[in-house]
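Hi everyone, thanks for coming. Let's take a short walk through a structure that may be new to you, so please have a look at it first.

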Amino acid sequence: MGKYDFPSHDMLVTMNKSQLATLANRMRSVIISSTAKNGGHLASNLGMVEATIALHRVFDAEHDHLVFDVGHQCYAHKLLTGRADGFSSLRSYGGMSGFPSPLESGSDPFYAGHCGASLSAALGLSEYDKMTGSDAFTVAVIGDAAFSNGMVFEAMNNCVGRGLNLIILLNDNTMSIDKSVGGLSSHLKKMRTDTAYFAFKHSMKAMLGRVPVVGRGLKDRTRNAKDRVRRALLGDSIFEIMGLDYLGPVDGHDEARLEAVLREAKLRDRICVVHMVTEKGKGFPLAETSPERYHSVGAFDPSVGVKPSAAPTFSSVFGSEMCSIAARDDKLVAITAAMCDGTGLTEFHGRYPERFFDVGIAEQHAVTFSAGLAAKGFVPFCNIYSSFMQRAYDQVIHDVALQNLNVVFCLDRAGFVGADGATHHGAFDLAYFRCIPNMIIAAPLDEAELRNMMYTAQLPDQGPFSIRYPRGNGFLADWHTPFQELEIGKGRCLIEGEKIAILSIGSIGNVAKKAVSHFEESLVALYDMRFLKPIDEELLHTVFQKFSKIITLEDGTIQGGLGSAVAEFMADHQYHATIKRLGIPDKFIEHGTQQQLYEECGFDEKSITRCIQEMLIEKDTRE
């Protein structure tokens, strides 16, 4: 095979054990080299290599449906579905997506970026095949951590009695990003570690190995015997209690054994769960020993590994200040949805374990759990990525805002997140929170402002409070200043000017600072709004009375965000001005670096500078 050649389905099914082992090693090498170049989800994909080979030997991706959940375990699948030539462009601007994408290949039946959706989608695909008479199989490939997501249980509840060609492949690697938590995690651990059951399996296998010819009837009786012994030793699995068949646990790195179990699952007359156990980071020692660090990585040297960033990020500053505030207030608690390290809460977890709650991948529960704590006087900081908070919108409205509870929503990864693309950009939180009564919406310009907003949010009687901040490094050399209470709903002037006013919110204001520096002093004014809701109406009156040319700037969708709020204010108070809204347009933006995406959407430094220049030469509408 050439450098970028990987076998088709027809070729794959003819390969022998030695050839398959060589293929697995080669796939791992390509995944490591491409991820080292462009960054990506490394550990989870390395753990799926043999399992993906088995899937593609048992199923034909051009006919059957392979639905991946979350989607960051699909790299090997991409290599086996004709996309090897473009794999070096993985997650780069204009290149291949790091997630399954129907726009990219017909072998990806469903776009998968958020956790917990695969089984519901798979049910829909499988029902379509049943109604149209297709004999295609659908496989939902889902990680163990995803089973803490309520949507999975809703889908499982609808699996019984459907007569569908559907298999659920449970990838049990004991982790999401951090260690899996909760009762289901404990249940799966018992199922994969009970020594008595595995001793029985090994003895049965050895006994059958001495029988010259094993017929179908003996195989069926043996399988039934193993099922009875497993139930006697372990009890029914949660899947069997819910009316599904269950096979496993099976070693997900034993391609031949997993392939045999998948073929057996195809013969079952009920929807079947195949429970496989894999090792996250398999084949790359650095990732095997530190799977959390190698879950999602930037570019790195494979011979050295990932080096921790010396520069403070907004997430690390947030985590540090959580500890500082917690030392002052024993009512402060932290809640996260399987993102302890990602949200910067590792230190807090270590110092205040009794005040830290990781609820697993269950954002809806995280929000309402926070509401219950707040109802009794605690101050919960509910830390969820902006994109994932979308999954708990009803709970924010009904369980927090309606009761005006002091839950602090800390929305990490707000704005463009970069290479993870459309499913992970935090584009909508300003707009979707702005319409909720009682909600305070704040966005810090820098790390010092983040600290002050956190301090302000936990003061008594604040009600629902949202703080959004971006992925990546901060802007200040020294942000260790004393806490300062901010006046809710008050912005500030950063740069005085006479001709044009820029109204920005959040860290994107730092880009506006650079753009303004290209113009004569006192020509362009820059205001940091700080709060989208309540918006600073006194400041807006001042701006509209002084300026007829206004630019709004936000790292969020311009539909319903700051630009919309300023335009509404102008209409409500019958001001007349030219407003140019800069932000994320009304479309889904794909992957690339944050800088590349700012350029694409027209609010990088050059684009803002150009917008100012164009507005300067435009005729004043009030003249």
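Two strands pair if DSSP finds at least two bridges between them. Keep that rule in mind for the first stop, and also keep in mind that this is a predicted model.

Let's begin with strand E3, residues 166-172. What joins E3 to strand E2? Six bridges do, and E2, which covers residues 138-143, runs parallel to E3. One place to look is Val-139, whose bridge partner in E3 is Ile-167. There is a partner strand in E5 too, at residues 272-277: six bridges join E3 to E5, and these two strands also run parallel. Here you can find Ile-168 standing opposite Val-273 of E5.

Now, how do we get from E2 to E3? Helix H7, residues 150-156, belongs to this part, and E2, H7 and E3 together make a right-handed β-α-β unit.

Is E3 mostly covered or mostly open? It is mostly covered, with seven of its seven residues buried. In a regular strand the side chains alternate between the two faces of the sheet. In E3, Leu-166, Ile-168, Leu-170 and Asp-172 point one way, while Ile-167, Leu-169 and Asn-171 point the other way. The residues on both sides are buried.

A helix gives us another covered element. In H4, residues 49-58, 10 of the 10 residues are buried. Among them are Glu-50, His-56 and Arg-57, along with Val-49 and Ile-53.

A word on cysteines. How many disulfides does a search of the whole structure find? Zero. Cys-272 is buried, because its relative accessible area is 0% and the cut-off for buried is under 20%. Cys-601, at 13% relative accessibility, counts as buried too.

Next, the aromatic rings. The count comes to 24 aromatic pairs. One of them is Phe-147 with Phe-239, an edge-to-face pair at 5.5 Å centre to centre with 70 degrees between the planes. This pair links distant parts of the chain: Phe-147 is in the loop between E2 and H7, Phe-239 is in helix H11, and they are 92 residues apart. Both Phe-147 and Phe-239 are buried.

Then there is Phe-314 with Phe-475. Why is this pair edge-to-face? The ring planes of Phe-314 and Phe-475 stand at 70 degrees, and edge-to-face needs over 60; the centres are 6.1 Å apart. Phe-314 is in helix H14 and Phe-475 is in the loop between strands E11 and E12, 161 residues apart. Phe-314 is buried, at a relative accessible area of 0%, whereas Phe-475 is partly exposed, at 42%.

Phe-475 also leads us to Asn-510, which lies in helix H21, residues 509-516. Leaving aside neighbours within four places in sequence, Asn-510 is in contact with Leu-445 and Phe-475. Asn-510 itself is buried, with a relative accessible area of 11%.

If you like clusters, ring pairs link Tyr-393, Phe-409, Tyr-432 and Phe-433 into one.

Last stop: charges over rings. The charged end of Arg-355 sits over the ring of Tyr-352, 4.7 Å from the ring centre. Likewise, Arg-451 lies over the face of Phe-483, at 4.5 Å from the ring centre.

That's the tour. Thanks for listening!

Notes
Residues are numbered from 1 along each chain as its sequence is written. This is a predicted model: local features need pLDDT of at least 70, side-chain atom pairs count only at pLDDT 80 or more; totals for chains, interfaces and linings use all residues. Side-chain values use heavy atoms; hydrogens and water are left out. Helices (H or I, at least four residues) and strands (E, at least two) are DSSP runs, numbered from the N terminus. Buried means under 20% relative accessible area, exposed over 50%, partly exposed in between (1.4 Å probe, protein chains only). Contact means heavy atoms within 4.5 Å. A crossover is right-handed if, with the strands pointing away from the viewer, the path from the first strand over the helix to the second runs clockwise. A disulfide is a pair of cysteine sulfur atoms within 2.5 Å. Rings of Phe, Tyr and Trp (its six-membered ring) pair if their centres lie within 6.5 Å; planes under 30 degrees apart count as stacked, over 60 as edge-to-face and the rest as tilted. A charge sits over a ring if NZ of Lys or CZ of Arg is within 6 Å of the ring centre and within 35 degrees of the ring normal.
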